[in-house]
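Subject: Handing over the structure

Hello,

I am passing a structure on to you, and I would ask you to look through it before reading my notes underneath.

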Amino acid sequence: MNIPVATVGAATAGVLDGLERLQGPVTVVRRCAELTELVALSQTGIVRAAVVAGDTAELTAALAERLGAAGVALVALADDFLLRQRLEAMGITNAPGTVQAETLAGLISTAVQALEHSGAGRGLAAGIALADPAASFGTGIEAPDGGAPAAEEPDVRAGTVTAVWGPTGAPGRTTLAVNLAAEAAAAGRSVLLVDADTYGSSVAVSLGLLDESAGLAQACRLADQGMLDAAALARICADVSLRGHRLPVLTGVTRADRWIELRPAALAGVLAAARRMVDEIIIDCGFSLESDEELSFDTMAPRRNAATLLVLEAADTLYAVGAADSVGVPRLVRALSDLAAAVPAARPQIVLNKVRASAVGRNPENQLQGAWERFGPGQEIIAFLPADYDAADAALLSGTALLETAPASALRAAVAELAGVQASRRRPRRRGRSAK
Ligand SMILES: Nc1ncnc2c1ncn2[C@@H]1O[C@H](COP(=O)(O)OP(=O)(O)OP(=O)(O)O)[C@@H](O)[C@H]1O
Ligand SMILES: [Mg+2]
């Protein structure tokens, strides 16, 4: 296999000349004057790899993602130690400018294979591979002082990702995500709550955070520049206090048109840092799984639902929430079939919310279970969350979790059970609100 390569930059012309003289496995087919020319070239399908030796400081995870989506693997040459650390954190293969031509050719081949393996051209999976430092295929950097570079900070934790997703129609994704996280935090567990809903973020308001800063977008910006580690992520998080415990929160984009700030490559970097920061990450997802690719020939165009798809692909646990009524249940069934097509590896666990006799008849859980067995797609219903409008409204009004405003409610008990928490029905003393 001979790999057609484009190069950018004359700074390390020596190695690029050497690369041109090599008899395989790479052939330099174009020397670009600048990065923009390379990006345009990547769309033509002429090259399968790019070596960037100049403008290296301009590289971002988003740019690597764009090239990856077009099936072009990226290798950067840089001598500056901090710059190489940043490249490493962005998951971009890199080497010093003094690298031998044969070694560089080997790196290019490996990067191309890794991109193919991750699903080149599909963009999303390529983005994950490119942005996750754990999936980085760089040459490894030795710090001048012998210490570990930021991109290889020890994995002190390996947090799990729980995605809370469900169809349109406000079935209760945010309510479940917020209260699962609150229960875990109040029980003393190490948990991070993330609002990744690109249509209508509402975690901040649900928890009374007067936060206009969109923590998740800030974290994505840093990840895009290869500057996000667990410590930086912790500084960005808003803090909520629950029964003397701390719940860090990455708030969502404040306006729906800011979805573009949650690019998948950067978001994958945020998840990687989050996994090192806490034991559990709970993510409130948008509902839509539609792939805009089908509507557009422009494979480099950002896709609104890419953030949701990435989270669902990355999730260790995926709750699919449906409203327990004659509109919500069929909608959930259709959404599960869309999910199976969009994320074939997903193993959703079904949660029916707002369960009430007035919507489905006497013994609502039995009714729903029977209907699910007849018409449902096979996954088991793992939880029935009762409708409790007083409890849900009181929590929203106070901008806090059910465990604060309605600790004795059946809704709180059901969410606590799902979170694996032995719920104390004790009402916090500092609040006067009566429990349900
Ligand atoms: N079990 C419940 N009983 C009563 N009300 C509930 C219950 N769960 C959620 N609600 C209420 O339903 C409304 C929608 O809930 P929520 O915001 O969690 O849904 P969502 O799926 O995140 O919606 P969106 O599409 O806006 O993101 C809120 O007013 C919430 O308080
Ligand atoms: Mg919501």
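The notes below go through what was found, beginning with how the values were obtained.

This is a predicted model, in which local features need pLDDT of at least 70 and side-chain atom pairs count only at pLDDT 80 or more, whereas totals for chains, interfaces and linings use all residues. Residues are numbered from 1 along each chain as its sequence is written, chains are lettered from A and ligands numbered from 1 in the order in which they are written, and side-chain values use heavy atoms, with hydrogens and water left out.

**Helix 11**

Helices (H or I, at least four residues) and strands (E, at least two) are DSSP runs, numbered from the N terminus. Helix 11 covers residues 264-277, and at 1.5 Å a residue its 14 residues should span 20 Å, which agrees with the 20 Å between its end C-alpha atoms; the expected span is 1.5 Å times one less than the number of residues. Of the 14 residues in helix 11, 13 are buried, where buried means under 20% relative accessible area, exposed means over 50%, and partly exposed lies in between, with a 1.4 Å probe and protein chains only.

**Salt bridges**

A salt bridge is counted when a side-chain nitrogen of Lys or Arg lies within 4 Å of a carboxyl oxygen of Asp or Glu. The general idea is that side chains of opposite charge can pair when their charged atoms come close. How many salt bridges does a search of the whole structure find? The search finds 11, and among them are the following.

- D239 pairs with R246, their closest N and O atoms being 2.9 Å apart; D239 is partly exposed at 44% relative accessible area, and R246 is partly exposed at 45%.
- D257 pairs with R255, with 3.0 Å between the closest N and O atoms; D257 is exposed at 51%, while R255 counts as partly exposed at 49%.
- D316 and R275 meet at 3.1 Å, N to O, and this pair links distant parts of the chain, since D316 is in the loop between helix 12 (306-314) and strand 11 (317-323) and R275 is in helix 11, 41 residues apart. D316 counts as partly exposed at 48% relative accessibility, and R275 counts as partly exposed at 23%.

In addition, R221, R258 and E261 are linked in a network of salt bridges.

**The aromatic pair**

Rings of Phe, Tyr and Trp (its six-membered ring) count as a pair if their centres lie within 6.5 Å, and planes under 30 degrees apart are called stacked, those over 60 edge-to-face, and the rest tilted. The structure holds 1 aromatic pair, formed by Y199 and F287, which is tilted, with 4.8 Å from centre to centre and 40° between the planes. Y199 is in the loop between strand 7 (191-196) and helix 8 (203-206), and F287 is in the loop between strand 10 (280-285) and helix 12, so that the pair links distant parts of the chain, 88 residues apart. Both rings belong to partly exposed residues, Y199 at 29% and F287 at 28%.

**The largest pocket**

On a 1 Å grid over the protein atoms alone, a pocket is an open set of points where a 1.4 Å probe fits, with protein on both sides within 12 Å along at least five of seven lines, and lining residues have an atom within 4 Å of a point. The largest pocket has a volume of about 500 Å³, a volume being the space filled by probe spheres set on the points, which are joined across faces, edges and corners. Of its 27 lining residues, the closest to the centre are G172, T174, T175, A392 and L396. Helix 7 (173-186), helix 8, strand 12 (348-355) and helix 16 (389-398) are the elements that give two or more residues to the lining.

**Two positive phi angles**

Most residues other than glycine have a negative phi. A214, although not a glycine, has a positive phi of about 50°; A214 is found in the loop between helix 8 and helix 9 (215-224) and counts as buried at 0% relative accessibility. K354, also not a glycine, has a positive phi of about 60°; K354 lies in strand 12 and counts as partly exposed at 26%.

With best wishes
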